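User: I would like to learn how to read the side-chain features of a protein model, one kind at a time. Could you give me the general idea for each and then the case at hand?

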Amino acid sequence: MTHGRRKKMAAAVLSAVMILGTGFTSYAQGWKQDVWGWWYENADGTYPVNTWYEDEDGSWYFFNEMGYLISNCYRLIDGSFYAFGNDGKWNGCVFSDIYPGVWTGNDYRNDWSGIQMHVPEGFTMTTAMDSGRLAESNNFVEFVVWTPDGTGSGIELEYMDAYNFSKGADTSVESLVTLRSLRLALEGYEIDQVTTVNLNGREYMKLSVSMEGLLKQDLYCRKAGTHYFECISAIYWLASEPYIDMLIDSIH
């Protein structure tokens with residue numbers, strides 16, 4: 001080994017010893033994952049906690065109290081609900097002036113909208129704050145209840161913001177139902193009827209559609225708050241109709 005090479009090696013060893021002696025740690029900045037989820041590590045080893053983070057492509061994310069990315073859910077941030085998709089990105093939707101209900105066991109109550117509901121035993125529920133596919137909608141889907149027969153039939157409670165329509169707060173229930181019926185017709189559904197029904201003292205406009213007589217959808221809609229529509233959507237196979245009727249009858 002030449003003198004020059006020995007000198008270079010000695011310098012390298014000395015540098016390594018000095019680095020270890022100062023307690024310096026080098027971190028790889030970027031997205032990290034473990035069995036509990038994703039987080040973002042900064043160059044100094046810190047990571048965002050209970051805060052927003054804007055990625056290089058302009059996408060916005062939110063990290064929970066443990067520093068993990070939230071996804072497939074809504075999050076109450078500074079008084080408004082924000083929707084986050086399957087990839088954790090904020091999908092651009094924010095819901096203000098809306099108040100979710102409270103679950104006590106299988107009983108749901110929302111003093112803001114006035115709706116209450118009891119879910120019978122055997123049915124399964126996913127709420128707005130749970131992981132699920134709720135935040136993929138442009139509406140605030142507060143919960144979904146599935147029937148116990150494993151067919152994927154069920155109902156959901158969602159709130160639609162009237163400001164998403166051209167007439168804003170002046171948008172009527174009739175206009176909303178008409179738009180929904182046109183969309184469903186494009187999807188291949190047949191419009192069965194549009195009626196006005198009463199669910200425990202509250203008047204809803206009801207849209208009923210079907211596809212080949214086997215798959216059915218019912219939409220119950222009314223105004224709630226200053227600029228929201230409260231909509232109960234039932235999507236079910238004909239064989240599951242008794243379960244759907246049981247859920248609708250439990251609304252009070």
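**Reading side-chain features**

Analyst: Let us begin with exposure: Trp31 has a relative accessibility of 28%, which places this residue in the partly exposed class, because that class lies between the buried limit of 20% and the exposed limit of 50%. Please keep in mind throughout that the model is predicted.

User: How many aromatic pairs does a search of the whole structure find?

Analyst: A pair of aromatic rings is described by the distance of the centres and the angle of the planes. Searching the whole structure gives 25 aromatic pairs. One of them joins Trp31 and Tyr40, whose ring centres are 5.5 Å apart and whose planes stand at 80 degrees, an edge-to-face arrangement. Whereas Trp31 is partly exposed, Tyr40 has a relative accessible area of 8% and is therefore buried.

User: At what angle do the ring planes of Tyr74 and Phe140 lie, and what is the pair called?

Analyst: The planes of Tyr74 and Phe140 make an angle of 45 degrees, with the centres 4.6 Å apart, so this pair is described as tilted. The pair links distant parts of the chain, since Tyr74 belongs to strand E5 (residues 73-77) and Phe140 to strand E12 (residues 140-146), with their positions 66 residues apart in sequence. Tyr74 and Phe140 are both buried. Ring pairs can also be followed from one residue to the next, and in this way Trp52, Trp60, Phe62, Tyr82, Phe84 and Trp90 are linked into a cluster.

User: Turning to charged side chains, how many salt bridges are there?

Analyst: The count comes to eight salt bridges. In one of these, the side chains of Glu158 and Arg180 meet with an N to O distance of 3.5 Å. Glu158 sits in strand E13 (residues 154-161) and Arg180 in helix H2 (residues 173-186), so this salt bridge ties together parts that are 22 residues apart in sequence. Accessibility can be read for each partner separately: Glu158 is buried at a relative accessible area of 4%, and Arg180 is likewise counted as buried, at 12%.

User: Which residue does Lys216 meet in a salt bridge?

Analyst: The partner of Lys216 is Glu241, and the N to O distance is 3.7 Å. Here strand E16 (residues 215-224), which holds Lys216, is tied to helix H3 (residues 241-249), which holds Glu241, so the bridge spans 25 residues in sequence. Lys216 is buried, with a relative accessible area of 17%, but Glu241, with a value of 24%, is partly exposed. A further salt bridge connects Glu230 with Arg222, their closest N and O atoms being 3.1 Å apart, and both of these residues are buried.

User: What of a charged residue such as Glu41: is this side chain buried or exposed?

Analyst: Glu41 has a relative accessibility of 12% and so counts as buried. The residue belongs to strand E2 (residues 37-41), and the side chain of Glu41 is joined to that of Lys32 by a polar contact of 3.2 Å.

User: How many disulfides does the structure hold?

Analyst: A disulfide is a covalent bond between the sulfur atoms of two cysteines. The structure holds zero disulfides. Cysteines can still be read for burial: Cys93 counts as buried at 12% relative accessibility, and Cys221 is buried with a relative accessible area of 1%.

User: Finally, which residues have the most contacts inside the largest nonpolar core?

Analyst: In soluble globular proteins, nonpolar side chains tend to be buried together. The largest nonpolar core in this model has 32 residues, and Phe95, Tyr159 and Ile232 have the most contacts inside it. Elements that each supply at least two residues of this core include strand E6 (80-84), strand E7 (90-95), strand E17 (228-237) and H3. The largest share, five residues, comes from E12. With neighbours within four places in sequence left aside, Phe95 is in contact with several residues, among them Tyr74, Phe81, Phe140 and Tyr228. There is also a second, separate core of 15 residues, which includes Met160, Met205, Cys221 and Phe229.

Note on methods: Residues are numbered from 1 along each chain as its sequence is written. This is a predicted model: local features need pLDDT of at least 70, side-chain atom pairs count only at pLDDT 80 or more; totals for chains, interfaces and linings use all residues. Side-chain values use heavy atoms; hydrogens and water are left out. Helices (H or I, at least four residues) and strands (E, at least two) are DSSP runs, numbered from the N terminus. Buried means under 20% relative accessible area, exposed over 50%, partly exposed in between (1.4 Å probe, protein chains only). A polar contact is a pair of N or O atoms within 3.5 Å; within protein, one must be able to donate a hydrogen and the other to accept it, and residues adjacent in sequence count only if both atoms are side-chain atoms. Rings of Phe, Tyr and Trp (its six-membered ring) pair if their centres lie within 6.5 Å; planes under 30 degrees apart count as stacked, over 60 as edge-to-face and the rest as tilted. A salt bridge is a side-chain nitrogen of Lys or Arg within 4 Å of a carboxyl oxygen of Asp or Glu. A disulfide is a pair of cysteine sulfur atoms within 2.5 Å. A nonpolar core is a set of buried Ala, Val, Leu, Ile, Met, Phe, Trp, Tyr and Cys residues joined through side-chain atoms within 4.5 Å. Contact means heavy atoms within 4.5 Å.
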